[in-house]
Amino acid sequence: MNDPFGIPETVLILGATSEIATDMAVTLANNGSRHFVLAARSIERLDDLARRLTDAGARSVDRVAFDATDLDSNQGTVRQIFADHASIDLAIVAFGLLDTGVSAGEISAVDVAMVNYVGAVSVMEPMAEAMVGQGHGVIAVLSSVAAERPRGSNRLYASAKAGLDSYSRGLGDALADDGVRVLVVRPGFVHTRMTEGLEPAPLSVHPPAVSDALMKGLTGRRTVVWAPPPVRLLMSVLRHLPTGIYRRITAGR
Ligand SMILES: NC(=O)c1ccc[n+]([C@@H]2O[C@H](COP(=O)([O-])OP(=O)(O)OC[C@H]3O[C@@H](n4cnc5c(N)ncnc54)[C@H](OP(=O)(O)O)[C@@H]3O)[C@@H](O)[C@H]2O)c1
């Protein structure tokens with residue numbers, strides 16, 4: 001359950017090797033979260049995070065092998081995690097795949113759609129069902145400002161995140177009377193290994209800024225939070241620019 005300040009006691013993170021998710025986990029532990037379930041493709045790479053969480057006061061850190069593209073297993077994996085714990089108070093859907101930057105050329109178009117959209121939906125449906133069953137919970141999902149308007153270069157990632165963002169807001173509406181909340185987190189450009197080698201966009205931030213947005217979202221009643229908050233205004237302007245101007249501004253980016 002959550003403490004009186006809205007801090008979740010038990011946290012599940014899917015894509016726990018993510019740099020943003022790592023910072024969120026440590027921030028949550030520093031603020032009083034006590035039990036963590038870390039799901040990732042490589043659970044061996046979670047040693048350091050597990051140690052940091054324990055040092056920050058976590059009483060248990062469980063690890064689960066998870067690959068978002070393993071669609072046949074995802075529902076069972078999520079159901080088993082909920083069955084193994086008294087409750088999951090916060091689930092963070094952090095995994096994602098960007099096909100520009102250092103990884104450009106190594107990642108297929110289908111993988112981008114599969115991981116960012118299909119994979120996310122495949123875990124969020126059983127997650128929602130389980131949270132309705134327990135009568136409470138928050139699903140925080142890492143969307144992106146890219147969901148607001150695609151550029152030619154990021155069309156795969158942006159469209160998959162737009163699908164995820166739209167699905168998440170709809171899921172939040174569907175669960176509004178069931179005690180379950182969906183919190184959409186929309187970061188701008190964040191300096192992590194995902195954006196390595198890319199020219200930073202205006203208002204770029206580091207992972208703690210995304211953790212701040214999450215913490216504010218957990219304590220308030222908002223359904224969407226932005227990191228940093230001013231990117232909301234920037235994207236509102238960009239979203240409404242005429243196509244010709246938008247193409248000129250974003251050409252080569
Ligand atoms: N960095 C940014 O500028 C930015 C901006 C907006 C939104 N976001 C979103 O924030 C989230 C975290 O990104 P990040 O910046 O922290 O990047 P990151 O460190 O590269 O994290 C990406 C995570 O996704 C995981 N992942 C990729 N494919 C997967 C799969 N098939 N199954 C399971 N996990 C998979 C990675 O696992 P491995 O460690 O095994 O590769 C890693 O944990 C992502 O959803 C991203 O789209 C990032």
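These legends go with close-up views of a predicted model.

**View 1. The whole sheet, strand by strand.**
Start with the backbone: 7 strands make up an open sheet, lined up as β3-β2-β1-β4-β5-β6-β7, with parallel pairing. β3 (60-65) and β7 (224-227) sit at the edges with a single partner strand each, so one side of each has no neighbour in the sheet. Going from one strand to the next, the twist averages 15 degrees.

**View 2. The β3 edge and its partner.**
Here we zoom in on strand β2 (residues 35-40), which runs parallel to β3 and is joined to it by 6 bridges. To find your way around, look for H35, which stands opposite S60 in β3. H35 also turns up in the contacts of T10, which takes us to the next strand.

**View 3. T10 in strand β1.**
T10 belongs to strand β1. Is T10 buried or exposed? It counts as buried, because 21 other C-beta atoms lie within 10 Å and the cut-off for buried is 20 or more. Setting aside residues up to four places away in sequence, T10 touches H35, H85, S87, I88 and D89. For a sense of scale, take D72: it is 62 residues from T10 along the chain, and the two C-alpha atoms are separated by 26 Å.

**View 4. Strand β5, covered along its length.**
Strand β5 covers residues 137-142, and 6 of its 6 residues are buried. In a regular strand, side chains alternate between the two faces of the sheet. In β5, G137, I139 and V141 point one way while V138, A140 and L142 point the other way, and all of them are buried.

**View 5. The neighbours of β5.**
Which strands does β5 pair with here? Strand β4 (residues 90-93) runs parallel to β5, with 4 bridges joining the two; look for A91, whose bridge partner in β5 is I139. Strand β6 (residues 180-187) is parallel to β5 as well, and this pair is joined by 6 bridges. On the β6 side, L142 stands opposite V185.

**View 6. A close look at L142.**
L142 lies in strand β5 and counts as buried because it has 28 C-beta neighbours inside 10 Å. What does L142 contact, leaving aside its neighbours within four places in sequence? The list is I20, V93, A94, G96 and V185. T22 is 120 residues away from L142 along the chain, yet their C-alpha atoms are separated by 13 Å.

**View 7. Helices packed on the sheet.**
Helix α1 (residues 19-30) lies across β1 (10-14), β2, β4 and β5, and runs at about 175 degrees to β1. Helix α5 (residues 155-174) combines with β5 and β6 in a right-handed β-α-β unit. This helix lies across β5 and β6, at about 155 degrees to β6.

**View 8. Around the ligand.**
Now for the ligand and its surroundings. Which residues come nearest, of the 26 around the ligand? They are T17, S18, G96, T192 and M194. G96 may ring a bell, since it is also one of the contacts of L142. By residue type, the shell around the ligand divides into 13 nonpolar, 9 polar and 4 charged residues.

Key. Residues are numbered from 1 along each chain as its sequence is written. This is a predicted model: local features need pLDDT of at least 70, side-chain atom pairs count only at pLDDT 80 or more; totals for chains, interfaces and linings use all residues. A residue is near a molecule or strand if its C-beta atom, placed from the backbone, lies within 6 Å of it. Ala, Val, Leu, Ile, Met, Phe, Trp, Tyr, Cys and Pro count as nonpolar, Asp, Glu, Lys and Arg as charged, and the others, Gly among them, as polar. A residue is buried if 20 or more other C-beta atoms lie within 10 Å of its own, exposed if 12 or fewer, and partly exposed in between; C-beta atoms are placed from the backbone. Two strands pair if DSSP finds at least two bridges between them. A crossover is right-handed if, with the strands pointing away from the viewer, the path from the first strand over the helix to the second runs clockwise. Axes are lines fitted to C-alpha atoms, for helices over the stretch in contact, and angles run from 0 to 180 degrees between N-to-C directions. Two residues are in contact if their C-beta atoms, placed from the backbone, lie within 7 Å.
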